[in-house]
Number of protein chains: 2
Amino acid sequence: MKKVNLTDAFDSFDEQWSPRLAGELNGQEVKLAKVEGEFVWHQHDDADELFFVHSGELTIQFRDEPDVHLEAGEFVVVPRGVEHRPVADEEAQILLFEPRGTKNTGDVDSELTQTAEKRLE
Amino acid sequence: MKKVNLTDAFDSFDEQWSPRLAGELNGQEVKLAKVEGEFVWHQHDDADELFFVHSGELTIQFRDEPDVHLEAGEFVVVPRGVEHRPVADEEAQILLFEPRGTKNTGDVDSELTQTAEKRLE
């Protein structure tokens with residue numbers, strides 16, 4: 001049973017918009033990502049998605065309701081089927097919680113689509 | 001869509017060993033708990049359980065392998081069927097992630113067993 005230290009884990013990679021698998025339980029995955037700038041608008045038809053901010057700030061934009069702005073130590077759950085776009089003015093370190101195999105760009109194919117799962121080293 | 005600020009959420013209750021439901025997704029629950037002292041030895045036969053420490057320190061004891069000591073910003077997943085006991089010398093604030101309806105004392109009935117779900121106010 002191996003613990004994960006979030007600060008050490010985030011120090012272990014630099015690539016942005018490229019989630020690293022950090023844990024698995026009950027068919028769900030814990031992923032860590034560094035993000036900066038605007039992601040693509042997308043939705044997950046079969047997956048609720050939790051965003052937790054470890055450092056920095058993250059705004060999640062929605063089409064039909066107010067943005068949610070997260071600072072370090074805050075989380076929100078985006079329900080399945082809700083179109084959203086994560087945006088960060090400066091680099092943020094975030095933790096994602098979602099079902100195993102959830103595609104990062106959801107229903108959209110983009111140059112940001114992650115095609116192979118990457119694990120923490 | 002309502003975000004949760006962990007510090008504010010932990011400030012909203014005092015009771016120890018009494019998890020508060022803070023979020024739900026994909027049949028899983030995010031719970032927040034204040035813990036101090038020794039919990040009961042137990043296991044969850046059908047639930048993997050994630051422990052994340054928000055503040056303080058938490059040791060998770062196991063029968064057959066080394067303890068895992070968690071400080072703030074660290075997490076570990078305890079697989080289903082593994083007997084464990086959380087222990088904290090001083091109060092720790094922890095986040096739990098586990099399937100909806102998971103009983104806090106698992107296969108054991110104890111005075112610490114939580115019989116009704118409590119939500120954040």
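Copies are superposed by least squares on the C-alpha atoms of residues with pLDDT of at least 70 in both. On that basis, chain A can be laid on chain B with an RMSD of 0.0 Å, by a turn of 180° and a shift of 0.0 Å along the axis. The two copies are thus related as by a two-fold rotation axis. In chain A, the C-alpha of Q28(A) is the nearest to that axis, at 4.4 Å. Both copies use the same surface, since 100% of the contact residues of chain A recur in chain B.

This is a predicted model: local features need pLDDT of at least 70, side-chain atom pairs count only at pLDDT 80 or more, and totals for chains, interfaces and linings use all residues. Residues are numbered from 1 along each chain as its sequence is written, while chains are lettered from A and ligands numbered from 1 in the order in which they are written.

**The chain**

Chain A holds 1 helix and 9 strands. Helices (H or I, at least four residues) and strands (E, at least two) are DSSP runs, numbered from the N terminus. From that end, the elements of chain A run β-α-β-β-β-β-β-β-β-β.

The C-alpha trace of chain A spans about 40 × 30 × 25 Å along its principal axes. Its radius of gyration is 13 Å, which agrees with the value near 14 Å for a compact globule of 121 residues. That radius is taken over C-alpha atoms, and the globule rule is 2.2 Å times the number of residues to the power 0.38.

Of the 121 residues of chain A, 36% count as buried. A residue is buried if 20 or more other C-beta atoms lie within 10 Å of its own, exposed if 12 or fewer, and partly exposed in between; the C-beta atoms are placed from the backbone. Two residues are in contact if their C-beta atoms, placed from the backbone, lie within 7 Å. Among contacts in chain A between residues at least 6 apart in sequence, 67% join residues at least 24 apart.

**The interface**

The contact takes 24 residues from chain A and 24 residues from chain B. On the side of chain A that touches chain B, the elements giving two or more residues are β1, α1 (6-11), β2, β6, β7 (74-78) and β8 (84-99) of chain A. β7(A) gives the most, with 5 residues. The residues on this side divide into 14 nonpolar, 6 polar and 4 charged. Here Ala, Val, Leu, Ile, Met, Phe, Trp, Tyr, Cys and Pro count as nonpolar, Asp, Glu, Lys and Arg as charged, and the others, Gly among them, as polar.

**Strand β7 of chain B**

In chain B, 5 of the 5 residues of strand β7 (residues 74-78) are buried, so this strand is largely enclosed by the rest of the structure. E74(B), V76(B) and V78(B) point one way, F75(B) and V77(B) the other. Its pairings reach into both chains. Two strands pair if DSSP finds at least two bridges between them.

| Partner of β7(B) | Sense | Bridges | Residues standing opposite |
|---|---|---|---|
| β1 of chain A (residues 4-5) | antiparallel | 2 bridges | V4(A) and F75(B) |
| β4 of chain B (residues 49-55) | antiparallel | 4 bridges | L50(B) and V77(B) |

**The core**

The largest nonpolar core has 52 residues. Such a core is a set of buried Ala, Val, Leu, Ile, Met, Phe, Trp, Tyr and Cys residues joined through C-beta atoms within 7 Å. Those with the most contacts inside it are F51(A), L58(A), I94(A), L50(B), F51(B), L58(B) and I94(B). Strand β8 (residues 84-99) of chain B gives the most to this core, with 6 residues.

L50(B) touches both chains. Leaving aside neighbours within four places in sequence, L50(B) is in contact with G23(A), L25(A), F75(B), V77(B), L96(B), F97(B) and E98(B).

**Loop residues**

N26(A) lies in the loop between β2 (20-25) and β3 (28-38) of chain A. Its phi is near 50°, a positive value in a residue other than glycine. N26(A) counts as buried because 20 other C-beta atoms lie within 10 Å. In chain B, N26(B) also has phi near 50° and is buried, with 20 other C-beta atoms within 10 Å.

R63(A) is in the loop between β5 (57-62) and β6 (68-71) of chain A. With 10 C-beta neighbours inside 10 Å, R63(A) counts as exposed. R63(A) and A9(A) are 54 residues apart in sequence and 33 Å apart in space, C-alpha to C-alpha.
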